[in-house]
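Colleague: I would like a close look at a single part of this protein. Please take the charged side chains and the helices around them, and go through them in one piece.

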Amino acid sequence: MVALCFFYTRRQTRSIAPLCSQRTWLHFFGMRGHRTGEFSMYKRMSSRDFTVAADVEDNSVVSQSILDQEITNPSWRLSFPHVLAATISAFLFGYHLGVVNEPLESISLDLGFNGNTLAEGLVVSTCLGGALIGSLFSGWIADGIGRRRAFQLCALPMIVGASISATTTTLAGMLLGRLLVGTGMGLGPPVSSLYVTEVSPSFVRGTYGSFIQIATCLGLMGALFIGIPVREIAGWWRICFWVSTVPAGILALSMMFCAESPHWLYKQGRIAEAEAEFERLLGGAHVKFAMQELSKLDRGDDSDDVHFSELLYGRCFRVVFIGSSLFALQQLSGINAIFYFSSTVFKNAGVPSDLANVFVGIANLSGSVIAMVLMDKMGRKVLLLWSFSGMAVSMGLQVVAASSNMLGSGTLYLSVGGMLMFVFTFAIGAGPVPGLLLPEIFPSRIRAKAMAVCMSVHWVINFFVGLLFLRLLEQLGPRFLYTIFGTVCLMAVVFVKRNVMETKGKSLQEIEIALLPPE
């Protein structure tokens, strides 16, 4: 914001000499600057841009009034509705992850595959295959047709797939519907992360990014809530699928009124439209500074063609490696295995499955809300370190519970407590931060496609963890398996400490300059 203040002040007061020397300006900003990032940006300016003036007193009043207008952050209220609309895709993601958990038994009875564990597993996991397909193409779709239309394209298979699942009378129809829904699930998360990162002011970008995780938690809890009557009302599982078409339709409709990403418009050479969207998102007073920041790295004459090899070699490899590794460590930490196995642990403790799901949901949502509050105060890196450290301690509790000679009730309470602590600490950092951090550290030119690659890594590992967890649990036992998960969490702490930079309060252009070596 400071750069814009100087640009505006010098242009409007060209006939009047500047306020004072550089030293005086530095002292002034040391007292009045609101953000360290802006102050450090100012210090890089050359002293030749300032000269000593004779009429300091007259100019100080004018300059101070301009600075009071320009140095403040843009209003968060302008971008909030656009971010809120984008998080509907995350809500749908969470809803479809949990929509078949409660109704699965009723679905198998009505469609004639009750007792067929392979068919039941396919109903649950077919959407994961569709999600892999959707995530693989998400980058090219988001760059090709824009973020808003990508959201609408994400909603379409969710509506069609849910409708097919709700009306089918065969297993094949159910699997087809789940596959189509999965493609929308794979397309939605990377596009929502891109969009939220690109339309949010930097001072609330972390908070807005946390909305995605919160919306996912609400989607999961909503699916569990909608599924409660499934055992009392015949055919209720069809209603569960029909309900999901409502938020999908709202997503497609709301995107007609939301702003397009100014970063994407600038890459397309549509400069005037990018300025107009910045005005909608930040306010007219901040447009010139935002465009000036964007022009530092996003040149309109850059080639839009990004080859896959560019993501694996050369100057972009490091950031893609960091992003892929974060998602890999997130999944290998055992979070999905814990979710899969939580019902068994709670059942052994005498807790009904419905109540167990509520406990897990509350732990997940509570951690996500805390992450939202702390994201722009503590920073991304600190939350990741806390999160993975807490997850390692939680896995330690699980190991102790699995090998303890205590009485049965004490062991069960320790196991349940460790599981809830694991979910809670995951939601504080390891859950929401990677989806927010990756679009921040990727250069604008490769951002969408690099997100597609990293999300594909996420889905592949997610699939294999779900596929192999129960078998490994039988062969290795819970103590050894939880030890492996805890070790991965400790490795993640070391990786984050050495490789992840803090992005709190920095513009996307500043982050790119810091991470990428010059060509």
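Modeller: What follows starts with one acidic side chain and then moves outward to the helix contacts. The model is predicted, and every value below is computed from it.

Start at Asp-143, which lies in helix α8, residues 117-145. Which residues does Asp-143 bridge to? One partner is Arg-147, where the closest N and O atoms are 3.1 Å apart. The other bridge runs to Lys-267, with the closest N and O atoms 3.6 Å apart. Lys-267 belongs to helix α13 (residues 262-267), and 124 residues separate Lys-267 from Asp-143, so the bridge links distant parts of the chain.

Are these three side chains buried or exposed? Asp-143 has a relative accessibility of 11% and therefore counts as buried, the cut-off being under 20%. Arg-147 has a relative accessible area of 1%, so Arg-147 is buried too. Lys-267, at 12%, is also buried.

The bridges around Asp-143 do not stand alone. Through shared partners, salt bridges join Asp-143, Arg-147, Glu-198, Lys-267, Arg-447 and Lys-449 into one network. The count for the model comes to 11 salt bridges.

For contrast, take the bridge between Arg-270 and Glu-273, with 2.8 Å from N to O. Here Arg-270 has a relative accessibility of 34% and so counts as partly exposed. Glu-273, at 39%, is likewise partly exposed.

Back in helix α8, there is also Trp-140. The relative accessible area of Trp-140 is 38%, so this residue is partly exposed. Setting aside neighbours within four places in sequence, Trp-140 is in contact with Lys-449 and Ala-452. Lys-449 is one of the residues in the salt-bridge network. From Trp-140 to Ala-450 the C-alpha distance is 9.9 Å, although the two residues are 310 residues apart in sequence.

Next come two helix pairs. Helix α10 (residues 171-199) and helix α11 (residues 205-226) have axes that come within 9 Å and cross at roughly 155 degrees. An angle over 145 degrees counts as roughly antiparallel, and that is therefore the relation of α10 to α11. Their crossing is right-handed. On the α10 side the contact consists of Ser-192, Ser-193, Val-196 and Thr-197, and these meet Arg-205, Tyr-208, Gly-209 and Ile-212 of α11. By class, this contact has 3 nonpolar, 4 polar and 1 charged residues.

The second pair is helix α20 (residues 380-403) with helix α24 (residues 478-499), whose axes are 8 Å apart at an angle of about 165 degrees. These two helices are therefore roughly antiparallel as well. In this case α20 passes α24 in a left-handed crossing. The contributions of α20 include Leu-384, Leu-385, Phe-388, Met-391 and Met-395, while those of α24 include Tyr-482, Phe-485, Leu-490, Val-493 and Val-496. The residues of this contact divide into 16 nonpolar, 5 polar and 3 charged. Among the residues in the contact are also Lys-381 of α20, and Arg-479 and Lys-497 of α24.

To return to the starting point, Asp-143 bridges both Arg-147 and Lys-267, and Asp-143 is itself buried.

Conventions: Residues numbered from 1 in each chain as written. Predicted model: local features only at pLDDT ≥ 70, side-chain atom pairs only at ≥ 80, totals over all residues. Heavy atoms only, no water. Axes fitted to C-alpha atoms, helices over the stretch in contact; angles between N-to-C directions. Helix = DSSP H or I, 4+ residues; strand = E, 2+ residues; numbered from the N terminus. Parallel < 35°, antiparallel > 145°, perpendicular 65-115°, else oblique. Left-handed = near helix turned anticlockwise from the far one by under 90°. Contact = heavy atoms within 4.5 Å. Nonpolar A, V, L, I, M, F, W, Y, C, P; charged D, E, K, R; others polar. Salt bridge = Lys/Arg side-chain N within 4 Å of Asp/Glu carboxyl O. Buried < 20%, exposed > 50% of the residue type's maximum accessible area, 1.4 Å probe, protein only.
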